[in-house]
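I sat down with this one to look up a handful of things and jot down what came back. Entries are in the order I went through them.

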Amino acid sequence: MPQSDFVPVNKLLASLPKLEYQRLAPHLEQVSLALGQVIYESREVVKHAYFPNQAMVSLVSILENGSTAEVGMVGNEGVVGFPIFLGGGFATNRAVVQIEGPAMKMEAEILKAEFRRGGALQRLLLLHTQVLIAQISQTAACNRHHLLEKRLARWLLTAQDCALSNHLQLTQEFISDMLGTRRAGVTVAAGTLQKAGIISYSRGKITILDREALQATACECYEVVKSEFQRLLATERD
C-alpha cells in the first residue's frame, strides 16, 4: 500500500529509503487504534508491531496490587513492539492506546526477518529504542522529583505531539493511572492549568489553548527527550 495513502505518516517509516519502504509496504496493514485498546499485556508474546500515524500508545507498569504507572510513550516517531526485534519476544509492560488514531500493523515474524537483514530499518529501530530507553529513564527521575503540575504539562505536550491536535480525549482517571497518582491530584493540577488559561477541560476532553505557556510550565524532561530524538534522527540522516 503506497506510503502516500497515509497522512500523517509514521516518522520512522517515512525515514526509510524508498526501496526499503517498498519492500515493507505489502506487509503493512492500516488499522485504527481505539482509545483504551490493549495491544498486548505484560508477559505476553508480542505477535504484531504497530507504527502509529496519529495515535499514542502508553507502556504501563502494573504492580501486584493493581496500581499502574506509565513508563514510556510511543507516538508517530516510533514503533510499539520492541521485544520482537530485540529478541526477547515477551512484553514486560502493558501497551495501551492513550490517544486513538490510525497506525500501521506488521506481523512479528516479518519485522524480525527485516531487522535481521540490517540496513536502514535496523538502524532506525535501534535508534528509536535508544530514545525510548532515554524516555523511560527520564520518566523515572521525573516521577520522583518533579511536581505533578509540571509532570502533567510535560505529559500533555507529548500527547499533543502524538495526536497532532490541540484537542485530546483524556479523562482525569486515565491520566491519574498513567502518572501513578491519585485522581484528586490530577484534578488540582489540571484546574491550575485551566485557571491560567493554558488548557480547557470538560467531560473528558482537554484542549490546549497556549502551547508556549504549557512548555514554560513543564519540567525539563519534555525537552530532554525531544532533543535526544532529534539528535539521533540527525545522526541517522548523516
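These notes cover helices, cysteines, strands, and then the empty space.

**Before starting.** I am working from a predicted model, so I keep that in mind throughout.

**Helix H6.** I started with the length of helix H6, residues 148–163. At 1.5 Å a residue, its 16 residues should span 22 Å, and the end C-alpha atoms are 22 Å apart, so the two agree. Next I asked how much of H6 is buried. I got 13 of the 16 residues, so H6 is largely enclosed by the rest of the structure. I also looked just past the end of the helix: Leu164 takes a positive phi there, about 55°.

**Helix H7.** I did the burial check on helix H7, residues 172–179, as well. Six of its eight residues are buried, so H7 too is largely enclosed by the rest of the structure. I wrote down which ones: Gln172, Phe174, Ile175, Ser176, Met178 and Leu179. After H7 comes Gly180, and its phi is positive, near 65°.

**Helix H8, one residue.** I picked out Thr192, which sits in helix H8 (residues 183–195). Is Thr192 buried or partly exposed? Its relative accessibility is 32%, so I put it down as partly exposed. I then took its distance to Glu149: the two are 43 residues apart in sequence, but C-alpha to C-alpha they are 7.8 Å apart in space. Glu149 falls within the 148–163 range of H6, so this pair links H8 with H6 in my notes.

**Cysteines.** How many disulfides does a search of the whole structure find? Zero. I went through two cysteines to see what surrounds their sulfurs. Cys162 is in no disulfide, and the nearest cysteine sulfur, on Cys142, is 16 Å away. Cys162 is also buried, at 3% relative accessible area. Cys219 is in no disulfide either; here the nearest cysteine sulfur is again that of Cys142, at 3.6 Å. The cut-off for a disulfide is 2.5 Å between sulfurs, so the Cys219 and Cys142 pair, at 3.6 Å, does not count as one. Cys219 is buried, with a relative accessibility of 6%.

**Strand S7 and its partners.** Strand S7, residues 101–107, is mostly covered, with five of its seven residues buried. I looked up what pairs with S7. Strand S1 (residues 29–33) runs antiparallel to S7 and is joined to it by five bridges. To fix the register on that side, I noted that Leu33 stands opposite Gly101. Strand S3 (residues 48–52) is also antiparallel to S7, again with five bridges. There I noted His48 opposite Glu107.

**Largest pocket.** Rolling a probe the size of a water molecule over the atoms shows where empty space is left. The largest pocket holds about 530 Å³. I counted 28 lining residues, and Glu77, Asp161, Val225, Lys226 and Phe229 lie nearest the centre. Which elements each supply at least two residues of the lining? They are helix H1 (11–14), strand S5 (68–74), helix H5 (119–145), H6 and helix H10 (221–237). H10 gives the largest share, eight residues. By type, the lining splits into 11 nonpolar, 10 polar and seven charged residues.

**Cavities.** I then searched the whole structure for cavities of 30 Å³ or more and got two. The largest has about 110 Å³ of space. Its lining is Lys11, Leu12, Ser15, Glu77, Leu124, Leu127, His128, Val131, Phe229, Leu232 and Leu233. H1, H5 and H10 each supply at least two of these residues, and the largest share, four, comes from H5. The lining divides into seven nonpolar, two polar and two charged residues. Glu77 and Phe229 turn up in this list, and both are also among the residues nearest the centre of the largest pocket.

The second largest cavity has about 40 Å³. Around it I listed Tyr40, Leu59, Phe82, Pro83, Ala91, Thr92 and Asn93. Five of these are nonpolar, two polar and none charged.

Conventions
Residues are numbered from 1 along each chain as its sequence is written. This is a predicted model: local features need pLDDT of at least 70, side-chain atom pairs count only at pLDDT 80 or more; totals for chains, interfaces and linings use all residues. Side-chain values use heavy atoms; hydrogens and water are left out. The expected span of a helix is 1.5 Å times one less than its number of residues. Buried means under 20% relative accessible area, exposed over 50%, partly exposed in between (1.4 Å probe, protein chains only). On a 1 Å grid over the protein atoms alone, a cavity is a set of points where a 1.4 Å probe fits but cannot get out, and a pocket is an open set with protein on both sides within 12 Å along at least five of seven lines; lining residues have an atom within 4 Å of a point. Grid points are joined across faces, edges and corners, and a volume is the space filled by probe spheres set on the points. Ala, Val, Leu, Ile, Met, Phe, Trp, Tyr, Cys and Pro count as nonpolar, Asp, Glu, Lys and Arg as charged, and the others, Gly among them, as polar. Two strands pair if DSSP finds at least two bridges between them.
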